[in-house]
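Good morning, and thank you for coming. I should like to take you through one structure, moving from its backbone to its side chains and its helix packing.

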Amino acid sequence: MPRLEKVYLKNNVMGLISSGTQSILEEESHIKDVLSRIVVEMIKREWPQHWPDMLKELDTLSKQGETQTELVMFILLRLAEDVVTFQTLPTQRRRDIQQTLTQNMEKIFSFLLTTLQQNVNKYRRMVGAPQEQEALTTPQKADLGQEPKAQANCRVGIAALNTLAGYIDWVALSHITADNCKLLEMLCLLLNEPELQIGAAECLLIAVSRKGKLEDRKPLMVLFGDVAMHYILSAAQTADGEGLVEKHYVFLKRLCQVLCALGSQLCALLGSDSDVETPTNFGKYLDSFLAFTTHPSQFLRSSTQITWGALFRHEVLSRDPLLLGMIPKYLRASMTNLVKVGFPSKTDSPSCEYSRFDFDSDEDFNAFFNSFRAQQGEVMRMACRLDARTGFQMAGEWLKYQLTAPVDTGPMNSKTGEGLCSIFSPSFVQWDAMTFFSESVISQMFRTLDKDEIPVNDGIDLLQLVLNFETKDPLILSCVLTNVSALFPFVTYRPEYLPQVLSKAPRTRAVKNVRRHACSSIIKMCRDYPQLVLPNFEMLYNHVKQLLSNELLLTQMEKCALMEALVLISNQFKDYERQKAFLEELMAPVTSLWLSTEMQRVLSDPEAFISYVGADNKIADPVLEDPSGLNRSRISFCVYTILGVVKRARWPVAMEEAKAGGFLVGYMPSGSPIYRNPCTEQVLKLFDNLLALIRTHNNLYMPEMVAKLGETFAKALDMLEVEKNAILGLPQPLLELYDSPVYKTVLERMQGFFCTLYDNCFHILGNAGPSMQQDFYTVEGLATQLLSSAFINLNNIPDYRLRPMLRVFVKPLVLSCPPEYYETLVCPMLGPLFTYLHVRLSQKWQVINQRSMLCEDDAADDNPESQEMLEEQLVRLLTREVMDLITVCCVSKKGAEHNTAATVDGDDDEVMATEVTPPASAELTELGKCLTKQEDVCTALLITAYTSLSWKDTLSCQRTTTQLCWPLLKQVLPGNLLPDAVSWFFTSVLKGLQTHGQHDGCMAALVHLAFQIYEALRPRYAELRAVMEQVPDIQRESLEQFESKLLNPTLQKVADKRRKDHFKRLITGCIGKSLGEQFRKEVHIRNLPSLFKKVKPSLETDVLENEDGEGLTALFEP
């Protein structure tokens, strides 16, 4: 645009600001916004080089009145947002503007502060506010005619605060703390001004949250002074005193954040080597902070927890008598805060009203409260590190109170029986909170106090009270069991109480979850304190035998839990023969049942199996009638027991003990010991039938077998609702926890049976390697046996069954297998598996891609639970599982242990790094090398890895790109790759960029991989050049330049980063963009002449001109 036109446009816009809008109270906000944005766009293109007087012009405009001043504030704010916050300009322009802003910051800040002060003074004068400080002029009587004028001043005040908030975040701290922290003082003062307090609190929060050099932050401690503390506390009291009004509540949240940030600053500034001292008002600060921790709003309570944790952890403050004196008060507050009340749909607590502002539903509140409670547990443990006795004393008092308090079940619930609690009953809510409190406090006390300081007598008294407490209420009984577990460490001081504790486990068919809880408590005791339980082994064993003698008395899970507990203690025999004899005796009932002729027939024939478990029946009453329940429980019992024994039976950890006990049988060539497991003989006896069951189970998915399922059980092999919800990421409904098991239909029970059975069989195979080691890997024809059972009929196995198989069986088996058995066992098994998985996944993704192309024509189904969405998410999860398995098998990451923990369905961490450079040390493992030696397996691996780059799953793409693709390709580089294959690898990466280029993390990783391939293979394969030439919008000259440098070995190599940046610019046409970016009109802002160019003096001429040599000496002057 010609210069004259620019000037004309600028003058007109400034004229509009000056006199073209209606007054501040009448003009529409969108008009003000657009007008300020037009000025900002001009500034972005012309300031400072072509418009040096811009700030002066704005200053002049602001003197015309409130309307213009508000617009000037908008302009300054939008400018800071575009240049600093959102950075929507080219680098050079951004740097020019930001540097000029910084140079003028003193003036800008002074202007903002003056504007704020003058307008606030005028506003207060007109509304007759009480005098607060000398800076404010004497108030006068309010005049009704002045009302609009007062409102206009108030508007400007709000605009000034908003603008300040846009600058405080990034300007030098010296501007914020200038003039004895005048800005902070003003902000504190405004906290008591109802119209301006939220804006002031926002600014204060940003200022107090600043990071930077500790030295620069010291002046912020002025906020602990008398004046600032007075204003902050009086503002909080006033806001809270006016009841629940949304505006006041928002302000309270901001104030709470200010106090939290103040606490963080204090923790950062106060240290053993710092000259900052604990503020004199620290006690006042703690009192006000505690007031927020005891506020009815659950959200405010939770906001304070991180800061409490930081204070209790701090090296100096944690020894401060004021903070130590606060611990009992904090713990007392926690006792209230742990009580789960405040559901937005209820009215049984003052918290409910606040929750309606903070949470959309009870599910939302429930999720929040669970994480809040976990956080509180953490902070309580920190507090108890400083004062363990107080916490224990409080826990004891509360426990005694709950044991004597009458049960209040609250309003009747249709599902719970007469007089029993539901999860919302007042009594249970209290019991639940008390149990969590005592668990946190007691566990910390044992970690903190020395052995002789522990109050053993008090602990045993409490344990005695809990053991003597009788209740029929399942929910309360569950809490009682947790308290027994929490107090169990006291038994290590008085072992005579052990029999009583062990007999507390319920012996009747009470409620499922309570029985499950009792079982896990016993397992936990035997796992954590096996030495303690060992002397009572015979008593426990007889007790279990008695319980097992009646088939109907316990569920299968309970029987197995008790057996697991016994196996854990038997590990303490440290005597191979004795433990082997015990395991033989323990497993005798399972062995006779599992190896019986009838069971062998059932396990090896799918039709007989369906009939035996009752899945071919038509049931009239699906809740009560279940004729084959006992048959199913027998199979479950056997499988559970085998799993329990394989998982728990182990040799002693200490090698000397293992040797003495007869567990050591020799040494590997590498010198590592070879142990034998006392359970091996028993488990291998049952192994054939286990494989038969797995084969049968896999064959159940054949269409002809599915057709044989009875009418009631047509969906018996489908996913459970819980699994579906987890995969779709839907929140679980707020169940009355203990109601559901009783009301399961027989179909749900059948689905649960098939699902658990399938998982447990593979858990046994996955644990067999680590447990039985060489005895398992040398089973004759193991690879063939596994291929003909676990891997049979995979075509019909649904994705949701294939995933757990890969995760709980194949992955652990491979990870624990010694290299000697790679050739005989792992390769023959993984080869066909990987080939199959590649074909399967390719077909699935093809269907998904076709579907998405069709969906672009038709309206897509919006139902989030639609079958298609579930299937697609399952394919995604299966893809991740497969790629993870391939990576674990093939790639070793030096210096980092591979994490074998399974990811939870639907909860995969979608967060991605944006700067990705694959670990240079990623090498193929021995197994990886072994697999890539076989041509067909190597081809399957490479094709799967590179094809997966364009499947629509970003997480899988990023992991595969960074961890797997290059190490695999590097392995085959020395051989003669076909030119077509090389082109295909490179094209696959470019296709991946087209699909995932919109995600920074994936884009960075894929560009790096494409660069590696091109650099390594272009000298040998000219075909890659042809692929490059097909990249959309590629610049031929630039490509020529890149190629000449790459192919000419004599030239000095340019730095790696510059080469990569050049390459990235070449392939930009391939990099996919998000939908929002695809049709965006690019705005081009041209760079202006550089502001800060340093002119280099021409040395030769200067030196020659000064004949007396002055020029030379000048060069060396500082």
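Let me begin with a definition: a helix here is a DSSP run of at least four residues, and helices are numbered from the N terminus. With that convention, Pro 48 is placed in the loop between helix H2 (29-46) and helix H3 (54-62). Please keep in mind throughout that this is a predicted model.

Pro 48 deserves attention for its backbone. The peptide bond that joins Trp 47 to Pro 48 is cis, with omega at about 0°. As a general matter, most peptide bonds are trans, and most residues other than glycine have a negative phi.

The second half of that statement leads to two further residues. Gln 773 is not a glycine, yet its phi is positive, at about 50°. Gln 773 is located in the loop between helix H38 (746-772) and helix H39 (774-777). Its relative accessible area is 26%, so Gln 773 is partly exposed. Asp 1033, also a residue other than glycine, has a positive phi near 55°. The loop that holds Asp 1033 runs between helix H49 (1023-1029) and helix H50 (1036-1047). With a relative accessible area of 75%, Asp 1033 is exposed.

I return now to the surroundings of the cis bond. Which residues does Arg 93 contact, leaving aside its neighbours within four places in sequence? The list includes Trp 47 and Pro 48, together with Ile 43, Lys 44, Arg 45, Glu 46 and Gln 49. From a later part of the numbering come Ile 1085, Arg 1086, Asn 1087 and Leu 1088. Arg 93 itself belongs to helix H5 (residues 91-103). Is this arginine buried or exposed? Arg 93 counts as buried because its relative accessibility is 0%, and the cut-off for buried is under 20%.

A second buried polar side chain is that of Gln 197, which is found in helix H10 (residues 197-208). Its relative accessibility is 7%, and it therefore counts as buried. Not counting residues up to four places away in sequence, Gln 197 touches Leu 190, Leu 191, His 248 and Phe 251. Of these contacts, His 248 is 51 residues away along the chain, and the two C-alpha atoms are separated by 9.3 Å.

Next, the aromatic residues. How many aromatic pairs does the structure hold? There are 46. I shall describe two of them.

In one pair, Tyr 541 and Phe 582 have ring centres 5.2 Å apart and planes at 75°, so the arrangement is edge-to-face. This pair links distant parts of the chain, with Tyr 541 in helix H27 (residues 537-549) and Phe 582 in helix H29 (residues 576-594), 41 residues apart. Both Tyr 541 and Phe 582 are buried.

In the other, the rings of Trp 845 and Trp 951 have their centres 6.0 Å apart and their planes at 10°, so this pair is stacked. Because Trp 845 lies in helix H42 (residues 822-857) and Trp 951 in the loop between helix H45 (935-947) and helix H46 (954-972), the pair ties together parts 106 residues apart in sequence. Trp 845 is buried, at a relative accessible area of 0%, and Trp 951 is buried as well, at 5%.

Aromatic residues also form a cluster, made up of Phe 224, Phe 282, Tyr 285, Phe 289, Trp 308, Phe 312 and Tyr 330. Elsewhere, rings are met by arginine. Arg 373 lies over the face of Phe 436, 5.5 Å from the ring centre. The charged end of Arg 650 sits over the ring of Trp 651, at 5.9 Å from its centre.

Finally, helix packing. H46 packs against helix H48 (residues 1000-1017) at an angle of about 20°, with axes 9 Å apart. The two helices are therefore roughly parallel to each other, and H46 passes H48 in a left-handed crossing. Among the residues that make this contact are Cys 957, Cys 965 and Trp 966 of H46, and Cys 1002, Leu 1006 and Leu 1009 of H48.

Helix H17 (residues 321-337) and helix H20 (residues 388-404) pack at about 35°, their axes 10 Å apart. Here the crossing is right-handed. Pro 328, Leu 331, Arg 332 and Met 335 of H17 meet Thr 390, Gly 391, Met 394, Glu 397 and Trp 398 of H20.

Thank you for your attention.

Definitions and conventions
Residues numbered from 1 in each chain as written. Predicted model: local features only at pLDDT ≥ 70, side-chain atom pairs only at ≥ 80, totals over all residues. Heavy atoms only, no water. Buried < 20%, exposed > 50% of the residue type's maximum accessible area, 1.4 Å probe, protein only. Contact = heavy atoms within 4.5 Å. Phe/Tyr/Trp six-rings, centres within 6.5 Å; stacked < 30°, edge-to-face > 60°. Lys NZ or Arg CZ within 6 Å of the ring centre and 35° of its normal. Axes fitted to C-alpha atoms, helices over the stretch in contact; angles between N-to-C directions. Parallel < 35°, antiparallel > 145°, perpendicular 65-115°, else oblique. Left-handed = near helix turned anticlockwise from the far one by under 90°.
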